[in-house]
Amino acid sequence: MGDVDALDLIVLGRQLTKIGEEAMRGSKAESLPTGPTLVLRDVLAHPDSSITEVTARTGLPQSYASESVARLRELGVVETVSDPSDGRRTLVRVSGRHLRNVARMGAVSVDVALAVAVGETDPGAIGTLLVSLDALAERLRPAEPGPFRQQMQMEEQCTAES
């Protein structure tokens, strides 16, 4: 077997992430700046957080966190609501629309993006790579879903109940 070290694994993870993102969004998709990305990651992990809580966890200045939330809200990625226990506070969560968009976009095939990334044109070779990746993904899949999958499941339940 090959000699894969920790750095190889990290680089592979980042390359696979880029391939997945390209398959989901396309190569011309615009990515968010770092601040809104940090805010989105935090809100994803901690739904219904106040701006103050997001600021404390991200380390961003409150004004920048607020601007980032406003930008994400304009894009339809997050939604804000008044805190039912304290109407002066604003709570932030990932929008149901965004969760549905990501679920839809995440279901696209990666065959072409993988073929381009590895420079392979033989469908059989791509098929072999996909089988290997699928087997690895299955073995590494966490027992409990992460925050994004949990919120997607909650969104699916709410949609089914409506």
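Here is a short chat about how two helices pack in a predicted model, and about the chain around them.

User: What makes H2 and H3 count as roughly perpendicular?

Analyst: Start with the angle: helix H2 (residues 34-45) and helix H3 (residues 51-58) pack at about 110 degrees. Angles of 65 to 115 degrees count as roughly perpendicular, so H2 and H3 get that label.

User: What else do I need to describe the pair, besides an angle?

Analyst: Two packed helices are described by the distance between their axes as well as the angle. For H2 and H3, the axes are 10 Å apart. You can add the handedness too: the crossing of H2 and H3 is right-handed.

User: How do you know which residues of H2 and H3 meet?

Analyst: Look for heavy atoms within 4.5 Å of each other, since that is what contact means. On the H2 side you get Leu38, Val39, Asp42 and Val43, and they meet Val54, Arg57 and Thr58 of H3. Sorted by class, that contact has four nonpolar residues, one polar and two charged. Asp and Arg count as charged, while Leu and Val count as nonpolar.

User: Okay, zoom out. What is the order of elements along the chain?

Analyst: There are eight helices and three strands. Reading from the N terminus, they go α-α-β-α-α-β-β-α-α-α-α.

User: And what makes a residue buried, and how many residues are buried?

Analyst: A residue is called buried if its relative accessible area is under 20%. In this chain of 162 residues, 24% pass that test. The accessible surface of the whole chain is about 11,200 Å², with 55% of it belonging to carbon and sulfur atoms.

Note on methods: Residues numbered from 1 in each chain as written. Predicted model: local features only at pLDDT ≥ 70, side-chain atom pairs only at ≥ 80, totals over all residues. Heavy atoms only, no water. Axes fitted to C-alpha atoms, helices over the stretch in contact; angles between N-to-C directions. Helix = DSSP H or I, 4+ residues; strand = E, 2+ residues; numbered from the N terminus. Parallel < 35°, antiparallel > 145°, perpendicular 65-115°, else oblique. Left-handed = near helix turned anticlockwise from the far one by under 90°. Buried < 20%, exposed > 50% of the residue type's maximum accessible area, 1.4 Å probe, protein only. Areas by Shrake-Rupley, 256 points an atom, 1.4 Å probe, with all protein chains shown as cover.
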